[in-house]
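Here is a walk through one protein model, from the whole chain down to a handful of residues. Keep the structure open beside the text as you read.

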Amino acid sequence: MKEAVSCFKERFGEAPEHVAVAPGRLEFIGNHTDYNGGPVMGVAVDCVLGIALTRTEEETAELVDIGLDGRVVVPLADLKPVQGTDSWVNYPLGVYHVLKKAGVKLPGGFRMAIASTLPKGAGMSSSAAFELAAAYAYSAAFGFEADRKQMARYGRQAENEFVGVPCGILDQGVSAFGEENHIVSIDCKTETFGRVPMPAGVHFWVFNTQKKHALLDSLYETRHKECMEAFDMLKVKYPELECLADANLAQLDSLSGQMPEALFKRARHVITESMRVREMASALQDGDLKRMGGLLLASHASSRHDFENSCDELDFLVDELRELGGVHGCRLTGGGFGGAVMAVTDSTFSDATAKEACARYRERFGHTPKVFHTRTGAGAHVVEPVEA
Ligand code: GLA
């Protein structure tokens, strides 16, 4: 990651000692299944966030970002989340915080420079990339060892406890376990990570509406809470259930009329979505792209009608894209309530086809979505040796 290295040199006046990178992700299928103990699949993209880092004596963090002026200086003793415009530092500081809490020795402080080819707010989880790159940079600088699973857990814990978002393990897990031409498959209940080869000739296109619901974080929390409440009701009747994704439709149906409508729909989404992820595993194994596409569309329909985390812009894009040549399937990707649609296509889908979809979108909404044709990439890692 040359950009992070040159940013470090420019702002701190010396070469960094360590560099680490981590990719963004696309949620392939498994919408809001992760924190419900369900299965989920994602791919790491080839855009990365890079961190250049050097240890220092003082117990202070100094952070710079290639795209931002100035330097954020934070004392590391008694670390608390930073508020306001500098709050972007909470991702790497959150990881530092959870490592310390876990008993990892992190003497002194550090200087960190950040550069990214991963667009912020593009629906590809730059925050998880930030957390994982930080975790790997610290491991190189402070000399501790942890496997990929543990690194993903540290990242998620930072997001849950320091940043304050009750997310599951999807984003950090995919950023840690990504591999070129592979889909990362996670069983979130057992935290088992696997990789499935991607069928040949499949392409990923991301259409980012650039729309972000003003209440995005609180809506995510609300959905999280609704799922927990639905699970609590199911567990009273079926004490053997360990998580919402464990339940089946017959069990849910037995509570019809008793469970509030909204909770019932959230639970139905999580249960059917978990079934779709499992079916996707077999469709991929068979190389059945038609079935794969159908499952992606069914996933979107379920998010739209049952989980109610879609919006007009996302629905419009899905409805338009699915009719275009070369599209196997498409769906909203990530948390929802705005954000991005992912289209999985063959090689005949081109910039011109993407433009056609964007033109129709602009006619309706007055602005153009941002389009990314992404390739799959490798998971988070330390870059050695540091490029001069
Ligand atoms: C966000 C969260 C993930 C996951 C998805 C929805 O990306 O960070 O943990 O819950 O939303 O599937």
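The secondary structure of the protein chain adds up to eleven helices and twelve strands, where helices (H or I, at least four residues) and strands (E, at least two) are DSSP runs, numbered from the N terminus. The radius of gyration is 21 Å, close to the 21 Å that the globule rule gives for 388 residues, so the chain is as compact as a globular protein of that length. That radius is taken over C-alpha atoms, and the globule rule is 2.2 Å times the number of residues to the power 0.38. Along its principal axes, the C-alpha trace of the protein chain spans about 60 × 55 × 40 Å.

Before going further: this is a predicted model, in which local features need pLDDT of at least 70 and side-chain atom pairs count only at pLDDT 80 or more, while totals for chains, interfaces and linings use all residues. Residues are numbered from 1 along each chain as its sequence is written, and side-chain values use heavy atoms, with hydrogens and water left out.

Of the 388 residues of the protein chain, 57% count as buried. Buried means under 20% relative accessible area, exposed over 50%, and partly exposed in between (1.4 Å probe, protein chains only). The protein chain exposes about 15900 Å², with carbon and sulfur atoms supplying 49% of that area; accessible areas come from the Shrake-Rupley method with a 1.4 Å probe, and for residues only the protein chains shown count as cover. As for contacts (heavy atoms within 4.5 Å), take those in the protein chain between residues at least 6 apart in sequence: 71% of them join residues at least 24 apart.

Now to the helix packing. Two packed helices are described by the angle between their axes and the distance between the axes. Here axes are lines fitted to C-alpha atoms, for helices over the stretch in contact, and angles run from 0 to 180 degrees between N-to-C directions.

How do the axes of H8 and H9 cross? Helix H8 (residues 261-285) and helix H9 (residues 289-307) have axes that come within 10 Å and cross at roughly 170°. That makes H8 roughly antiparallel to H9, since angles under 35 degrees count as roughly parallel, over 145 as roughly antiparallel, 65 to 115 as roughly perpendicular and the rest as oblique. By class, the contact of H8 with H9 has nine nonpolar, seven polar and eight charged residues. For those classes, Ala, Val, Leu, Ile, Met, Phe, Trp, Tyr, Cys and Pro count as nonpolar, Asp, Glu, Lys and Arg as charged, and the others, Gly among them, as polar.

H8 also packs against helix H6 (residues 216-237), at an angle of about 90° with the axes 9 Å apart. H6 and H8 are therefore roughly perpendicular to each other. On the H6 side, the residues are Arg-223, Glu-226, Cys-227, Glu-229, Ala-230 and Met-233, which meet Leu-263, Arg-266, Ala-267 and Val-270 in H8. The residues of this contact split into six nonpolar, no polar and four charged. Glu-226 touches Leu-263 and Arg-266, not counting residues up to four places away in sequence. Is Glu-226 buried or exposed? At 13% relative accessibility, Glu-226 counts as buried.

Helix H5 (residues 170-177) is mostly covered, with eight of its eight residues buried. Among the elements covering the buried residues of H5 are strand S1 (18-29), strand S2 (39-56), helix H3 (126-142) and helix H4 (148-163).

A few single residues are worth a click:

| Residue | Place | Relative accessibility |
|---|---|---|
| Asp-78 | loop between strand S4 (72-75) and helix H2 (90-101) | 66%, exposed |
| Gln-210 | strand S8 (residues 203-212) | 46%, partly exposed |
| Ala-146 | loop between H3 and H4 | 25%, partly exposed |
| Arg-360 | helix H11 (residues 351-365) | 32%, partly exposed |

Most residues other than glycine have a negative phi. Asp-78, not a glycine, has a positive phi of about 55°, and phi of Gln-210 is near 60°, also positive.

Leaving aside neighbours within four places in sequence, Ala-146 is in contact with Met-151 and Tyr-154, and Arg-360 with Phe-316, Glu-320 and Leu-324. Arg-360 and Phe-316 are 44 residues apart along the chain, with their C-alpha atoms separated by 9.3 Å.
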